[in-house]
Amino acid sequence: MNAALPSLTSSTSLMCRACGASLPPNPEGEILRCTYCGTTQRIVDARAFVDQISLQINSFLRQAMPLGLPGGVGAGVVDPVARHNLFVQGVRPMLDTEFRELRFRCFNLLSHGQMALPFTSASGWAAQDDPKQAFLYQAKVRSVGELAVDDESRQHVTELDAVSTVYAHLLTNAGFLLQSRPERYPFLARNCREASEAVAKLPKYAALQARLQGLAGVAEGLDLVTQGRAAQGRAQIAAALPLLDQAKTLAVTNFDQSVMIGGIDEDLALARASLQVADLMALSPAGSSGRALQALQSYLQWIAAPLPGQAAAGGAGRIEYLLGQAALMRRAQFGQGTVRVVRGPGEVNLPFWVVEVPYSFKTGVLWKARGVEVSETMLVASSFPLERVSPAGFDPARPVTDVFAARGPSTWRARVSGQETSISGGGWVRNLVAGSAALPLAGLASVPPLSTPDEANQLVQEYLLRSRQKDPEIEQKLRLSSPRVLDLLYVPVSPGAPGSPTVPVLGPLSPVSVGDRATLFSLAFS
């Protein structure tokens, strides 16, 4: 049976002039809104865009079809065998050349996380293409679909169509991820659902389908959270986590899709972090949800931003960890758990990292010379990233208890005879830590940590290096040091003079600065 070659108008309805996605085929009125990117447009503009796409499709068909085809590209009448030959010899090679690059870029995009927390934007990557280009390729594939007359060709066309559809919707989502619009989650979910359905009939893309389904669930859950329906949102996100786990399991055993593993890990970390966001939103007393939302927004923006001095953010794992600590703090404020606390005067509880600093130093001369081993304790303000953006420049000694500067004077006799027991003075801190207890955080507003244990450890290493550079005696004596973060301790701070709050309970060992006061207090949950 003979049939005419397909044309674009037989397979394409209105298309969004912003992203290229299909619009409702029978719109009412003169204005319509794209359900994938949210762009509002006139029907006449959408039709004009289809006309532009039609010209490009016809140009593609003229290049793909042999010269001299009777009646032109759209009117040639050919039998199934001729159709097959046209597809295999002319159309498929051109489609495959473009598809290889499109598929590579699609999975390169999928090697990154595909979701963002409320009030934050994705960083560290950028999409390489415009979704309209991917939808244009999809339109090319669909315009020649009737030329695929055997099972293998049909399966191949299905794959080209599916992957281009996935890529187009991911590119549309990328535009939302690089912003922080609160209304983006329904669009993120819809694009993921549409992309998931596109690969549903292709078993080789099972890992991708599971991932897209999981991402859609996370987006739908975050949409509920941002609407103030934290409990429902949490349940939705929790239900999506097994799908992301399944996606990772399938990707590990699929060489072609194993490139997604790192991106899936980021998705999983962000999904778990989303559960903590839901918990933080749920733990808001009546009448204070607005203040809690403001503090959460400030906190999320700080921890999701690139660390000072770095080009990219610390990653989804870092955000997950910090939000987990914030949720523990918030539960302690409501009597649902405990954290390590030091009682004392102040207006806001600020977390400090408790760091053990074992070191050895040399004392004595000649036959009196000997090595002494010391275990010192330091506190590091977890808010020290605020100090790194100080216009005065960063000094690692400012946000810590400067135990080497606080050491007591040693006599000449002690130095010569080898009777020195320490070259640091952190006894006050050791006593303070020993007197702390696991308690609820009642009464005072509290700031969640802005740094991780690894970052605190790195800061202490910087502090030790700076101490050696500044003090010739320490440089001469200090032999070995290997800091270790032990705990997180909440200590009350007072507003103090304009600039940085003070820490009264630390007395002479109070850090010079724990960060800008206004910024710090804006992050406090009450």
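## Exercises on helices, charges and cysteines

In helix H7, the buried residues are Ala230, Gly233, Ile237, Ala240, Leu241, Leu244, Ala247 and Ala251. This is a predicted model, and the exercises below start from that helix.

**Exercise 1. Find what covers the buried residues of H7, and check the span of this helix against its residue count.**

Step one: look around the helix. The cover over the buried residues of H7 includes helix H6 (206-226) and helix H8 (261-282).

Step two: check the span. H7 runs over residues 230-252, and its 23 residues at 1.5 Å a residue should span 33 Å. The end C-alpha atoms are 33 Å apart, so expectation and model agree.

**Exercise 2. Trace the salt bridges of Asp279.**

Begin with Arg234: its salt bridge with Asp279 has its closest N and O atoms 2.7 Å apart. This pair links distant parts of the chain, since Asp279 sits in helix H8 and Arg234 in helix H7, 45 residues apart.

Now turn to Arg331, which also forms a salt bridge with Asp279, the closest N and O atoms being 3.0 Å apart. Because Arg331 lies in helix H10 and Asp279 in helix H8, this pair ties together parts that are 52 residues apart in sequence.

Finally, compare the surroundings. Asp279 counts as buried at 13% relative accessibility. Arg234 is partly exposed at 31%, and Arg331 is partly exposed at 24%.

**Exercise 3. Describe H10, the helix that holds Arg331.**

First, the span: H10 covers residues 316-333, and its 18 residues should span 26 Å, which agrees with end C-alpha atoms 26 Å apart.

Next, burial: 13 of the 18 residues are buried, so the rest of the structure largely encloses H10.

Last, what comes after: H10 is followed by Gly335, which has a positive phi near 70 degrees.

**Exercise 4. Is Asp223 buried or exposed, and which side chain of opposite charge is nearest?**

Start by placing Asp223, which is in helix H6. Asp223 is buried yet has no salt bridge. The nearest side chain of opposite charge is that of Arg229, 6.6 Å away; a salt bridge would need the nitrogen within 4 Å of a carboxyl oxygen.

Then look for other partners. The side chain of Asp223 makes a polar contact of 3.0 Å with that of Gln227. Leaving out residues up to four places away in sequence, Asp223 touches Tyr185 and Pro186.

**Exercise 5. Work out the setting of Ser153.**

Ser153 lies in helix H4 (residues 151-177). At 1% relative accessibility, Ser153 counts as buried.

Its side chain meets that of Asp150 in a polar contact of 2.6 Å. Beyond its neighbours within four places in sequence, Ser153 is in contact with His84, Phe87 and Ala148.

**Exercise 6. Why do Cys37 and Cys16 not form a bond?**

Take the distance first: the closest cysteine sulfur to that of Cys37 is in Cys16, 3.7 Å away, which is too far for a bond. The cut-off for a disulfide is 2.5 Å. Cys37 is buried, with a relative accessibility of 13%.

Then widen the search: the count of disulfides is 0.

**Exercise 7. How many salt bridges does the whole structure hold, and what does the one between Arg105 and Asp129 tie together?**

The search finds 23 salt bridges. In one of them, the side chains of Arg105 and Asp129 meet at 2.6 Å, N to O. Arg105 is in helix H2 (residues 80-110) and Asp129 in the loop between H2 and helix H3 (131-143), so the pair ties together parts 24 residues apart in sequence.

Note on methods: Residues are numbered from 1 along each chain as its sequence is written. This is a predicted model: local features need pLDDT of at least 70, side-chain atom pairs count only at pLDDT 80 or more; totals for chains, interfaces and linings use all residues. Side-chain values use heavy atoms; hydrogens and water are left out. Helices (H or I, at least four residues) and strands (E, at least two) are DSSP runs, numbered from the N terminus. The expected span of a helix is 1.5 Å times one less than its number of residues. Buried means under 20% relative accessible area, exposed over 50%, partly exposed in between (1.4 Å probe, protein chains only). Contact means heavy atoms within 4.5 Å. Lys and Arg count as positive and Asp and Glu as negative; His and the chain ends are not counted. A polar contact is a pair of N or O atoms within 3.5 Å; within protein, one must be able to donate a hydrogen and the other to accept it, and residues adjacent in sequence count only if both atoms are side-chain atoms.
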